[in-house]
Amino acid sequence: MFSNRTRIFIAFIFLLSLGILVYFHIYELAAVAAMMIILLIWDYFRQGTLVVASKHFHVKDYDKTAASLNEIMKPEWLSKNRRGYYEFIFGGLCLQRQDFEGAEMHYEIAAQYPLRSVNDHVAALVSVANISIRRGNFEKAKAYLQLTEKHKEKITAKMKDVISRLQQELRKESGQQESGFKIKKSGDKK
């Protein structure tokens, strides 16, 4: 919920109050200040700066999004729900920067974790399929589109439309690939 700079500032304030409270022998409030410091540290490892990054991402400020995501030193330490969302946002950031290989990797990881909604989970799967089609990996695209089938009832109409368009494109590309293969085969016989 906080950036690292804000988190350090708040922890410093609590540490200062902890010292003052211990000096005046007010141990109950000193314990509360110590618990708040521990909570801030725990929040850093379990939540990270993901909320801040999400806010920047939704207003399309991709430089600040990247800076906020890079403040998370060990993404594998994030909670299970937050790790998926971290990868989802990072995949979107890579996609905006035309880094399709990075986007594909992050969306694949995001699809392994629970996301906010089924629609977000399907969006991660569809993104991997779309990138795979663009890169010519049709088998992988087909596999990821098949994974979306079990969520058909729970997704939005817009997402269903995207899936059907990708399936049509996949059929078209597969057909072109097969006809190209047949032409090469028949050309070999001459």
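Select Asp-120 to begin: with a relative accessible area of 12%, Asp-120 is buried, and the model that contains it is a predicted one. Asp-120 belongs to helix 7, which covers residues 118-134. Display its surroundings, leaving aside the neighbours within four places in sequence, and the contacts of Asp-120 are Phe-88 and Leu-115.

**Helix 5: Gly-84 and Arg-83**

Leu-115 also leads to the next stop, since Gly-84 is in contact with Leu-115 as well as with Ala-110, Tyr-113 and Pro-114, neighbours within four places in sequence again being left aside. Gly-84 is part of helix 5. Is Gly-84 buried or exposed? Its relative accessible area is 0%, so Gly-84 is buried. Draw a distance between the C-alpha atoms of Gly-84 and Ala-110: the two lie 4.4 Å apart in space, although 26 residues separate them in sequence.

Move next to Arg-83, likewise found in helix 5. Its relative accessibility is 13%, and Arg-83 therefore counts as buried. Which residues is Arg-83 in contact with, leaving aside its neighbours within four places in sequence? They are Pro-75, Glu-76, Leu-78, Ile-109 and Tyr-113. For Tyr-113, a C-alpha distance to Arg-83 gives 7.1 Å, across 30 residues along the chain.

**Helix 4 and its two sides**

Select residues 62-70, which form helix 4, and colour its buried residues: Tyr-62, Thr-65, Ala-66, Ser-68 and Leu-69. Turn the view to look down the axis of helix 4; the buried residues fall within an arc of 165°, so they line one face of the helix. This arrangement may be read against a general property: an α-helix has 3.6 residues a turn, so residues three or four places apart point the same way. Add helix 3 (50-58) and helix 5 (80-96) to the display, as the buried residues of helix 4 pack against both. Asp-63 and Asn-70, on the other side of helix 4, are exposed.

**Aromatic rings**

Now show the side chains of the aromatic residues. How many aromatic pairs are there? The count comes to six, taking ring centres within 6.5 Å as the criterion. In one of them, the rings of Tyr-23 and Phe-24 have centres 5.1 Å apart and planes at 80°, so this pair is edge-to-face. Both Tyr-23 and Phe-24 are exposed.

Then select Tyr-44, Phe-45 and Trp-77, which ring pairs link into a cluster. Keep Trp-77 in view and add Lys-74: Lys-74 lies over the face of Trp-77, at 5.7 Å from the ring centre.

**The whole chain**

Finally, zoom out and switch to a cartoon representation. What does the chain contain in the way of helices and strands? It has nine helices and zero strands, giving the pattern α-α-α-α-α-α-α-α-α along the sequence. The radius of gyration is 24 Å, well over the 16 Å that the globule rule gives for 190 residues, so the chain is more spread out than a compact globule. Aligned to the principal axes, a box of roughly 95 × 35 × 25 Å is filled by the C-alpha atoms.

Colouring by accessibility brings out the buried residues, which make up 39% of the 190 in the chain. A surface representation shows an exposed area of about 12,100 Å², of which carbon and sulfur atoms supply 60%. In a contact map, among contacts with a separation of 6 or more, 57% are between residues 24 or more positions apart.

Key: Residues are numbered from 1 along each chain as its sequence is written. This is a predicted model: local features need pLDDT of at least 70, side-chain atom pairs count only at pLDDT 80 or more; totals for chains, interfaces and linings use all residues. Side-chain values use heavy atoms; hydrogens and water are left out. Rings of Phe, Tyr and Trp (its six-membered ring) pair if their centres lie within 6.5 Å; planes under 30 degrees apart count as stacked, over 60 as edge-to-face and the rest as tilted. Buried means under 20% relative accessible area, exposed over 50%, partly exposed in between (1.4 Å probe, protein chains only). A charge sits over a ring if NZ of Lys or CZ of Arg is within 6 Å of the ring centre and within 35 degrees of the ring normal. Helices (H or I, at least four residues) and strands (E, at least two) are DSSP runs, numbered from the N terminus. The arc is that of the directions from the helix axis to the C-beta atoms. Contact means heavy atoms within 4.5 Å. The radius of gyration is taken over C-alpha atoms; the globule rule is 2.2 Å times the number of residues to the power 0.38. Accessible areas come from the Shrake-Rupley method with a 1.4 Å probe; for residues, only the protein chains shown count as cover.
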